[in-house]
Amino acid sequence: MSGTAARPRVWQRMLSGRRLDLADPSPLDVEIADIAHGLARVARWNGQTHGANAFSVAQHSVLVEAIAAHANPALTEADRLAVLLHDAPEYVIGDMISPFKAMVGGEYKAIEARLLAAIHIRFGLSAVQPAALVKAIKAADRVAAFFEATRLAGFAESEAAQFFGRPRGIDIATLPIEPWPTAEAERRFLTRFGALYPGT
């Protein structure tokens, strides 16, 4: 064995057989089945939620898309697909909680942005979304976070409002907040994707 250290592996093998390179992700290596499968098994809030099932990133994605569509009726199907996929990189890198992202800093965000761009391109979206849509996604994400925090993660409403703001005009009873089993989360995510993506 030579004295030169072996280059570290920076790709992940997916169940589809694809190898996704984190350093230089190719849209050709992105498969929606891998995304749905992975997101359905990634827990929000590091799993610190009530209920028999974890609240998955797949379910969170469906929730955010429903909130964004309610708040912004003019969103196109392509816009709503971008909303649904807003956390899709987490099928590869997991769901780091916001406090940890703040500690890690810029490199994490750069990796996440490269992955999201590849995912967008794979499904016919612009690599980078318009600022107005990004703002709408972030607003819907904060609404979802408030309800998840207060209904599932043990936050008092006053505490959640401090971090995420207090939602207005959203009826929690109409939203999918009860944690789904893994298989159901995967199926429902794929159902929403199929309704929004013309290639399916």
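Which residues does Ile-35 touch, not counting residues up to four places away in sequence? I started the notebook with this one. The model is predicted, and I read every entry below with that in mind. I find that Ile-35 touches Val-30, Ala-88, Tyr-91, Ile-119, Phe-123 and Phe-189.

**Entry: the core**

I looked up the largest nonpolar core next and found 55 residues in it. Ile-35, Leu-85, Tyr-91, Phe-123 and Phe-189 are the members that touch the most other members. I then asked which helices supply at least two residues each, and noted H1, H2, H3, H4 (90-93), H6 (106-122), H7 (131-151) and H9. H7 gives the most, with nine residues. I kept one general remark beside this entry: in soluble globular proteins, nonpolar side chains tend to be buried together.

**Entry: helix H1**

I checked burial along H1, which spans residues 32-39. The helix is mostly covered, with six of its eight residues buried. I listed the buried ones as Ile-32, Asp-34, Ile-35, Ala-36, Gly-38 and Leu-39.

**Entry: H1 against H9**

I took the packing of H1 on H9 next. Their axes are 8 Å apart and the angle is about 140°. I therefore recorded H1 as oblique to H9. The crossing of the two is right-handed. From H1, I noted Ile-32, Ala-33, Ile-35, Ala-36, His-37 and Leu-39 in the contact, and from H9, Glu-186, Phe-189, Leu-190 and Phe-193. I sorted the residues of this contact by class and got eight nonpolar, one polar and one charged.

**Entry: H3 against H9**

How do H3 and H9 pack, at what angle and with their axes how far apart? I read an angle of about 155° between H3 (residues 77-84) and H9 (residues 182-196), with the axes 9 Å apart. The cut-off for roughly antiparallel is over 145 degrees, so I entered H3 and H9 as roughly antiparallel to each other. H3 passes H9 in a left-handed crossing. On the H3 side I found Glu-77, Arg-80, Leu-81 and Leu-84 making the contact, and on the H9 side Phe-189, Arg-192, Phe-193, Ala-195 and Leu-196. By class I counted six nonpolar, no polar and three charged residues here. I noted that Phe-189 and Phe-193 are listed in the contact with H3 and also in the contact with H1.

**Entry: the loop after H1**

I went on to the loop between H1 and H2 (57-71), where Trp-45 is placed. Is Trp-45 buried or exposed? I entered Trp-45 as buried, because its relative accessibility is 17% and the cut-off for buried is under 20%. The phi of Trp-45 is near 60°, a positive value in a residue other than glycine. Asn-46 lies in the loop between H1 and H2 as well. I found a positive phi of about 55° for Asn-46, which is not a glycine either.

**Entry: Trp-11**

I closed with Trp-11, which I located in strand S1 (residues 11-13). At 29% relative accessibility, I put Trp-11 down as partly exposed. Leaving out residues up to four places away in sequence, I found that Trp-11 touches Arg-19, Leu-20, Asp-21 and Leu-22. I also looked up the C-alpha separation of Trp-11 and Asp-24, which are 13 residues apart along the chain, and read 9.1 Å.

Technical notes:
Residues numbered from 1 in each chain as written. Predicted model: local features only at pLDDT ≥ 70, side-chain atom pairs only at ≥ 80, totals over all residues. Heavy atoms only, no water. Helix = DSSP H or I, 4+ residues; strand = E, 2+ residues; numbered from the N terminus. Buried < 20%, exposed > 50% of the residue type's maximum accessible area, 1.4 Å probe, protein only. Axes fitted to C-alpha atoms, helices over the stretch in contact; angles between N-to-C directions. Parallel < 35°, antiparallel > 145°, perpendicular 65-115°, else oblique. Left-handed = near helix turned anticlockwise from the far one by under 90°. Contact = heavy atoms within 4.5 Å. Nonpolar A, V, L, I, M, F, W, Y, C, P; charged D, E, K, R; others polar. Core = buried A, V, L, I, M, F, W, Y, C linked by side-chain atoms within 4.5 Å.
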